[in-house]
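Hi,

Here is the model I said I would pass on. Have a look at it first, and then read my notes below.

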Amino acid sequence: MSKWKYRESDDYFSYDKIRRGKDKRKKNKKAIDNFVLDEDKWLVKDNWFKARVVEVHKRYAFVSPITEDGDIVTKDVWLSTVARKHLQSKRLERNNVVVGDVVLCRPATGEEPDVSEELPYCVVENLKPRFSEISRVDPASMERKHILASNVDQLLIVASFCSPLVKWGLIDRYLVLAEEQNIEPIIVLNKQDLLLEESEKFQKKAEEEIANYRSLGYKVFSISVLGKSQDDIEAIGESLKDKCSILSGHSGVGKSSLVNLFRPEITQEVEANADIFYKGRHTTTYASLLKLGTGGIVVDTPGIRSFLLGERSSIDLTYSFREMRPYLGKCKYRECRHIDEPDCAILEALHDGKITSRRYQSYKGLLLGDTGRQGRTRDDELEE
Ligand SMILES: Nc1nc2c(ncn2[C@@H]2O[C@H](COP(=O)(O)OP(=O)(O)O)[C@@H](O)[C@H]2O)c(=O)[nH]1
Ligand SMILES: [Mg+2]
Ligand SMILES: [Zn+2]
């Protein structure tokens with residue numbers, strides 16, 4: 001039997017039209033355009049409901065209903081797939097829905113394939129436009145972007161002083177993202193207990209970096225999740241309240257351990273042995289959205305070894321490096337890249353010590369597109 005069954009009552013699917021293929025394409029295009037729709041334009045029918053995407057897998061996503069007062073119970077999970085008519089999307093993204101998305105769902109009618117017997121099943125009909133996106137270049141396809149999460153107000157950049165070693169350049173890349181998306185970034189440096197075993201030189205360098213970020217106005221917390229009872233951990237809990245925050249950083253730095261301190265509805269799996277990181281294995285596989293007992297919502301993400309930002313113009317990048325902002329437009333050439341041009345205000349500031357050479361290297365790497373490419377190994381696919 002052909003895919004498109006002739007139905008007398010349904011003129012749209014009449015055999016002739018389908019053979020010509022014209023109207024089919026038209027219909028699909030319209031459907032795609034209507035997928036992302038403001039909430040006030042949603043056509044909500046009887047038992048349809050608003051939900052938030054809490055976890056995304058290859059062929060399906062988990063969603064949790066949003067109550068009238070805007071609350072969400074992340075323990076109440078539905079299995080969902082995006083309505084078939086929307087799946088032809090040619091948008092340059094990896095997934096149709098991502099963690100954090102607000103969607104309109106209808107309970108499945110039974111026509112859809114039966115995927116799970118344990119969970120209720122629904123179909124995603126509409127997606128609310130996202131107000132923020134945390135994305136990187138998709139390691140599997142450089143033209144695509146991989147959106148890790150959406151609709152977050154805060155970015156917790158988590159790193160550990162050692163095992164794995166802190167990568168200041170990675171922190172800078174996350175900061176650029178936060179600046180561009182207008183999301184509040186918070187830098188959390190974990191495993192302070194291990195820092196004490198490091199050389200004095202190493203400790204001094206870490207102190208300098210932290211002082212520099214603070215002087216730029218960024219919030220930086222230095223903690224040890226294992227040590228607990230610290231003011232900084234309490235302060236982090238405070239800043240998570242009433243917000244949706246995404247935790248990002250390498251695997252093994254202690255993201256899930258940190259989340260577990262704030263009584264999440266579902267306890268996060270913590271890697272038993274930190275050394276697993278070096279063997280290229282990982283346990284947290286998917287980003288998941290969780291409500292915290294202490295207040296707020298977080299998206300815990302799996303370890304991502306490569307975090308590539310796409311190409312950016314020197315003007316955009318200069319703006320994203322806070323210490324460079326005051327010099328915008330002060331170079332001799334308007335199109336100055338601040339690399340080797342004469343009379344460059346940024347190079348002058350660098351020379352005068354107003355911009356650290358470490359941060360400048362991050363800028364240069366991002367502009368010339370070489371930062372983050374090192375270390376792009378097969379593990380990227382393992383850790384996607
Ligand atoms: N020494 C030390 N180890 C920690 C600390 N916090 C977490 N760990 C360990 O680091 C490993 C990775 O933690 P996990 O929370 O799974 O990291 P994630 O991959 O970022 O979610 C686990 O073995 C934790 O016990 C800390 O403050 N100090
Ligand atoms: Mg984890
Ligand atoms: Zn310049």
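Are histidine 338 and cysteine 344 buried or exposed? Both residues are buried. Keep in mind throughout that this is a predicted model.

I started with those two residues on account of the metal site. The zinc ion (ligand 3) is held by four side chains: Cys331, Cys336 and Cys344 each coordinate through SG, and His338 does so through ND1, at 2.1 to 2.4 Å. The angles among the four donor atoms run from 104 to 114°, and the site is tetrahedral. For reference, the ideal angle for four tetrahedral donors is 109.5 degrees. Along the chain, the donors of this zinc ion are spaced as C-x4-C-x1-H-x5-C. Cysteine 344 has a relative accessible area of 3%, so it falls under the 20% cut-off for buried.

While on cysteines: a search of the whole structure turned up zero disulfides. Cysteine 244 is another buried one, at 5% relative accessible area.

Now the overall picture. The protein has 384 residues, and 51% of them count as buried. Its secondary structure adds up to 11 helices and 13 strands. Among contacts with a separation of 6 or more, 66% are between residues 24 or more positions apart. The exposed surface comes to about 20,600 Å², with carbon and sulfur atoms supplying 49% of that.

Helix H6 (residues 231–240) is worth a look. Its buried residues are Ile233, Ile236, Gly237, Ser239 and Leu240. Viewed down the axis of H6, they fall within an arc of 165°, so they line one face of the helix. The face turned away from that buried side carries Asp231 and Glu234, which are exposed. And what covers the buried residues of H6? The cover includes five strands: E8 (154–160), E9 (184–190), E10 (219–222), E11 (244–248) and E13 (297–300). After H6 comes aspartate 242, with a positive phi near 60°.

There are some backbone oddities to check too. As background, most residues other than glycine have a negative phi, and most peptide bonds are trans. Serine 163 and proline 164 are joined by a cis peptide bond, with omega at about -10°. Serine 163 also has a positive phi, near 40°. Its place is in the loop between E8 and H3, and proline 164 is found in that loop as well. Serine 163 counts as partly exposed, at 23% relative accessibility. Asparagine 151 has a positive phi too, about 55°, and lies in the loop between strand E7 (145–150) and E8. At 5% relative accessibility, asparagine 151 counts as buried.

Finally, two buried hydrophobic-looking spots, if you want somewhere to zoom in:

- Isoleucine 355 is in the loop between helix H9 (345–351) and helix H10 (357–368), and is buried at 2% relative accessible area. Leaving out residues up to four places away in sequence, isoleucine 355 touches Glu323, Met324, Tyr327, Ile346, Ala349, Leu350 and Tyr360. Its C-alpha is 6.4 Å from that of glutamate 323, which is 32 residues away along the chain.
- Valine 56 is in strand E1 (residues 49–56) and is buried at 17% relative accessible area. Its C-alpha lies 9.7 Å from that of asparagine 96, with the two positions 40 residues apart in sequence.

Over to you!

Methods. Residues are numbered from 1 along each chain as its sequence is written. Chains are lettered from A and ligands numbered from 1 in the order in which they are written. This is a predicted model: local features need pLDDT of at least 70, side-chain atom pairs count only at pLDDT 80 or more; totals for chains, interfaces and linings use all residues. Side-chain values use heavy atoms; hydrogens and water are left out. Donors are N, O and S atoms within 2.8 Å of the metal (3.2 Å for Na, K and Ca); water is not among the atoms, so sites may look incomplete. Four donors count as tetrahedral if all angles lie between 85 and 135 degrees; four count as square planar and six as octahedral if opposite donors are over 155 degrees apart and all others between 65 and 115; anything else is irregular. Buried means under 20% relative accessible area, exposed over 50%, partly exposed in between (1.4 Å probe, protein chains only). Helices (H or I, at least four residues) and strands (E, at least two) are DSSP runs, numbered from the N terminus. The arc is that of the directions from the helix axis to the C-beta atoms. Contact means heavy atoms within 4.5 Å. A disulfide is a pair of cysteine sulfur atoms within 2.5 Å. Accessible areas come from the Shrake-Rupley method with a 1.4 Å probe; for residues, only the protein chains shown count as cover.
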